[in-house]
Each structure stands twice: as C-alpha cells, then as structure tokens.
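Biologist: Before we go residue by residue, could you show me how to read a model of this kind, one feature after another?

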Amino acid sequence: MPAGTRSSAERVNAERLSADITALGRFGATDRGGVNRPVYSPADLAARGWLADRCAEAGLGFRTDAIGNCFITLPGSDPNRARVWTGSHIDTVPDGGRLDGAFGVLAGLECLRTLAAADDDFRPSATVEVVAFADEEGAYASFVGSRALVDGWTVDALSALTGRDGEPLADGLARIGSSIEAAAEVPTITAAAGAGRGAVAAFVELHIEQGPVLENAGLDIGVVTDIVEVGHGTVTFLGQADHAGTTPMELRRDATRAAGAFLVGLPSVPAEHGSPAAVATCGMVSVEPGAANIVVEEMRLSLDVRDRAGGVPSLQAGVADLARRCSADHGLDHRLEWDSVTPGVALDPDMGQRVADAADRIGASHHRMVSGAGHDSQVMARAVPTGMIFVPSENGRSHSPAESTSLAQLEIGANVLLEVLRDLAS
Ligand SMILES: [Zn+2]
C-alpha cells in the first residue's frame with residue numbers, strides 16, 4: 001500500500017456485493033426471475049442460514065431474536081458507546097424482486113466487512129450492527145420485527161396474527177424455533193438500553209427507491225426526508241337508475257357525469273393542495289346497477305392520497321371540494337368517506353444532512369425526497385434518529401421480477417452507507 005493512504009477499507013467491494021445479491025436471490029427464486037420469500041418460509045430459513053454462514057466467514061457476529069430479526073455485529077473498540085444500526089429486510093412480497101430490502105441488508109454486510117478490514121486507526125469505536133427486520137412486507141402484519149423492537153408486542157396481539165393463507169403466527173414462529181410467548185418478550189430498544197444491554201444511537205436504511213424520480217432526474221442518491229402519509233377513502237356519486245332508451249338526456253340524473261368530471265379534476269388536486277411530493281389516485285371504479293341499458297345510479301371511486309407528514313388533510317379538503325363542485329354541477333348527491341390516515345413520518349434532519357454530506361464526499365449527486373412507500377425506517381424513527389438513503393430503480397419498477405438497479409449505482413449507494421456508518425461510529 002502506498003505510504004499515506006488508508007487501508008483498502010476506503011470503499012466497498014462491488015463484485016462481492018453483486019455476488020451476494022445473486023446468491024441471496026436464489027432462495028425463493030421463481031420461474032419468472034423474481035423471488036418469493038415470505039418470512040418464516042423454508043426459503044427465508046435457508047436465506048438466514050446462508051447469511052449466518054457469510055457472517056461466520058467474515059468474522060462478524062450473527063444472532064436472531066425470538067421474533068426472527070437477524071443482527072450482524074461488528075464490535076466497536078469502545079464498549080460504552082451506543083450502537084449504530086443499519087439494515088432493512090430479506091423477506092419479499094409474493095413474486096417480488098431481488099433488491100427490495102435485500103440490498104440494504106447485503107450492502108450493510110459489505111460495509112461491515114469493509115470496516116472490519118480497516119487499519120486500527122479507521123476501525124469504528126462504536127459497535128455497528130446490520131438488522132434484517134422480520135416480516136417487513138406484512139405476511140402476518142406490517143413491520144412485525146421493527147415494531148417488536150420499538151413498541152413491543154403483547155401475547156394477545158401476536159396470537160391474533162395470521163398469514164395470508166390463514167396460518168397462525170405461532171406456526172411460523174415454531175419454524176424458527178420460537179413461540180408467541182418468547183416473541184412477546186423481545187425487549188424494545190428502550191428497554192434493552194435501560195437494562196444495560198446497549199443503547200442504539202442512530203439507524204440508517206439503504207433501499208432502492210421503488211419509483212422513477214431519481215432515474216428521471218439523473219441522480220445517484222435520494223436523501224429521504226419523510227415517509228409518506230397515506231389517506232384511503234371512497235367517493236360515491238348518487239343519481240337515479242333509468243331506462244337508457246326512454247329517458248331523455250336532459251331529464252337524467254346520471255352518476256357517471258359527476259364521476260367523470262371528478263376524474264378529470266382529480267390530477268390537479270395535488271398541485272393545488274399539496275407539496276411537490278403529493279399524489280392522488282383513483283384505482284378502482286364500480287357502478288350500480290351496472291347494465292349497458294340502464295343509466296348509472298351510483299358510481300363509486302376509490303381514493304388514495306399521499307403527501308409528506310401532515311399533508312394529507314389538505315389533500316382530503318381539496319378532494320372534498322372537487323367532489324362537491326362536480327355533484328352540484330350535475331344536480332347529483334355524493335357521499336365521501338375516508339378511512340383513518342396512516343400518519344407520515346419525518347425522518348431526522350441531522351441524519352439527512354449526514355447522508356447528503358456523505359454523498360458529497362464520494363462525489364455522488366443527490367437530492368432530498370419523500371418516500372412514497374412504507375419502510376421499517378418509519379417505525380425506527382419513533383425510537384432513534386433515523387435516516388434513509390435511496391438508489392435509483394430502473395424504470396421505477398419494484399415488487400416485481402423487473403426490479404433492477406445497475407451495479408454502478410448499487411455501489412454508489414453502498415459507499416454512501418459506508419461513509420455514513422463511518423461518520424456515525426468513529
Ligand atoms: Zn423494502
């Protein structure tokens with residue numbers, strides 16, 4: 001090594017990371033080129049075993065808690081310092097992709113290998129851990145593993161959970177050698193710190209964007225500021241069913257007229273009532289009575305509105321105003337119903353700045369953005385300062401075998417993560 005330079009720990013080994021992504025993708029691989037690896041499935045168990053082997057090979061610690069969260073550990077030189085956490089998940093949606101979640105865990109593993117290989121001067125003083133959270137994708141419930149670490153679960157709440165095929169959670173836990181009772185005793189981060197088992201100083205999650213924003217902007221890195229707030233609802237326009245042949249046009253109360261005007265107006269609502277990240281979608285329509293020769297009496301439209309934390313009520317007000325105007329213009333009634341809002345989460349601004357600074361140090365282009373999808377980070381943010389790093393998704397595709405990101409961009413993301421971990425842990 002030339003004098004005056006650091007050890008090889010400066011950057012991650014992209015080929016090793018790429019090989020790991022390919023290898024992990026074989027567990028639960030589908031004919032269509034995707035991955036089907038729900039939590040506690042045989043494929044998930046095999047993937048955990050493979051991950052434990054990689055850790056043993058690299059001299060890193062590996063353990064699993066009673067709810068199935070996996071922890072990869074590189075001990076720091078100062079045992080009194082709070083731990084630094086990164087990670088994501090290795091479970092997938094049915095026929096999902098190879099990168100969603102897996103990239104964050106494997107890049108974390110690669111960062112720990114890189115840090116472990118550094119000269120003593122560059123070894124972190126804080127312990128760094130990679131967490132693979134159980135059931136991020138909600139086979140039993142959303143964020144089962146991270147909620148155990150942040151909120152804790154009761155025996156009753158866990159007993160009520162069943163998988164997509166109706167399987168009780170207890171059966172899934174039995175496959176990892178655990179039980180509902182043991183899972184309910186997984187200590188929260190706060191409880192563990194109180195019991196002297198080490199506090200967690202910060203959490204940073206590296207993830208694919210799962211949308212087209214970074215690719216369209218030609219940027220390397222997204223610095224996530226917020227995780228989206230979501231409002232679901234329905235609007236139903238109410239007219240009158242009449243004979244399609246005998247009812248003159250001017251005497252009809254046709255629900256499709258107001259609904260049509262509403263659909264034309266809906267795309268303007270985010271711009272008028274939301275932040276630049278706001279979106280509004282109608283993904284399902286249904287009509288009653290639903291026959292070719294009957295004027296539509298009821299037309300029901302699904303609503304999905306999203307914005308950064310705190311932004312949904314304003315979008316809902318905009319939708320309500322639009323619905324009122326459309327039904328009044330056509331002499332109809334309407335009914336607007338909203339489910340409870342899934343709150344958005346603002347991530348830690350200091351963590352965001354650390355991610356942006358890390359990207360600057362390695363010459364990666366970046367911008368701040370809202371995550372349109374949910375992540376374990378939104379749960380972790382309730383307990384510890386949390387940041388998220390996005391890399392571009394090819395054509396914005398995700399939750400599908402088409403999920404892809406170039407190795408060059410995965411490498412940039414992993415190196416930004418490495419810089420952030422070094423910054424937090426040194
Ligand atoms: Zn994910």
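Biologist: Which share of the contacts in the protein with a separation of 6 or more comes from residues 24 or more positions apart?

Modeller: Bear in mind throughout that this is a predicted model. A contact here is a pair with heavy atoms within 4.5 Å, and of the contacts in the protein with a separation of 6 or more, residues 24 or more positions apart account for 78%. The elements that carry the chain are 15 helices and 14 strands.

Biologist: How should I read the radius of gyration of the protein, and what spans go with it along the principal axes?

Modeller: The idea is to set the value beside the one expected for a compact globule with the given number of residues: for 426 residues that expectation is near 22 Å, and the protein has 25 Å, which agrees. The spans of the C-alpha trace along the principal axes add the directions, and they are about 90 × 45 × 45 Å.

Biologist: How many of the residues count as buried, and what makes up the area that the protein exposes?

Modeller: A residue is called buried when its relative accessible area is under 20%, and by that cut-off 52% of the 426 residues are buried. The exposed area of the protein comes to about 17500 Å², of which carbon and sulfur atoms supply 50%. As for charge, there are 33 positive and 57 negative charges, and the mean positions of the two sets lie 2 Å apart.

Biologist: Which residues coordinate the zinc ion, and how are they spaced in sequence?

Modeller: One reads a metal site from its donor atoms, and for the zinc ion these are NE2 of His89, OD of Asp100 and NE2 of His207, at 2.0 to 2.2 Å. Along the sequence the spacing of the donor residues is H-x10-D-x106-H. Both His89 and Asp100 sit in the loop between strand 3 (83–88) and helix 3 (102–116), so this pair ties together parts that are 11 residues apart in sequence. His89 counts as buried because its relative accessibility is 0%, and Asp100, with a relative accessible area of 5%, is buried as well.

Biologist: Where is Asp95 found, and what is its phi near?

Modeller: A backbone angle is worth checking residue by residue, and for Asp95 phi is near 55°, a positive value in a residue other than glycine. Asp95 is found in the loop between strand 3 and helix 3, and its relative accessible area of 19% makes it buried. Phe143 also has a positive phi, about 60°, although it is not a glycine; this residue lies in the loop between strand 4 (128–132) and helix 4 (144–150), and at 11% relative accessibility it counts as buried.

Biologist: Which two residues does a cis peptide bond join?

Modeller: Here the angle to read is omega, which is about -5° for the peptide bond that joins Glu288 and Pro289 in the cis form. Pro289 belongs to the loop between strand 9 (285–288) and strand 10 (298–307).

Biologist: What is Ser146 in contact with, leaving aside its neighbours within four places in sequence?

Modeller: With those neighbours set aside, the contacts of Ser146 are Asn69, Phe133, Asp376 and Val379. Ser146 is found in helix 4, and with 0% relative accessibility it counts as buried. Thr234, in strand 7 (residues 229–238), can be read in the same manner: its relative accessible area of 16% makes it buried, and its contacts beyond four places in sequence include Arg300, Leu303, Arg335 and Glu337.

Biologist: Is Ala373 buried or partly exposed, and what does it touch?

Modeller: Ala373 counts as partly exposed, its relative accessibility being 25%, and its place is in the loop between strand 13 (366–371) and helix 14 (376–380). Not counting residues up to four places away in sequence, Ala373 touches Gln210, Ile227 and Val228. A separation in space can also be set beside a separation along the chain: the C-alpha atoms of Ala373 and Glu209 are 8.6 Å apart, with their positions 164 residues apart along the chain. A further pair is Arg325 and Ala258, 67 residues apart along the chain, whose C-alpha atoms are separated by 8.7 Å. Arg325 has its place in helix 12 (residues 312–329), and with a relative accessible area of 44% it is partly exposed.

Terms used
Residues are numbered from 1 along each chain as its sequence is written. This is a predicted model: local features need pLDDT of at least 70, side-chain atom pairs count only at pLDDT 80 or more; totals for chains, interfaces and linings use all residues. Side-chain values use heavy atoms; hydrogens and water are left out. Helices (H or I, at least four residues) and strands (E, at least two) are DSSP runs, numbered from the N terminus. The radius of gyration is taken over C-alpha atoms; the globule rule is 2.2 Å times the number of residues to the power 0.38. Buried means under 20% relative accessible area, exposed over 50%, partly exposed in between (1.4 Å probe, protein chains only). Accessible areas come from the Shrake-Rupley method with a 1.4 Å probe; for residues, only the protein chains shown count as cover. Lys and Arg count as positive and Asp and Glu as negative; His and the chain ends are not counted. The place of a charge is taken as NZ of Lys, CZ of Arg, CG of Asp or CD of Glu. Donors are N, O and S atoms within 2.8 Å of the metal (3.2 Å for Na, K and Ca); water is not among the atoms, so sites may look incomplete.
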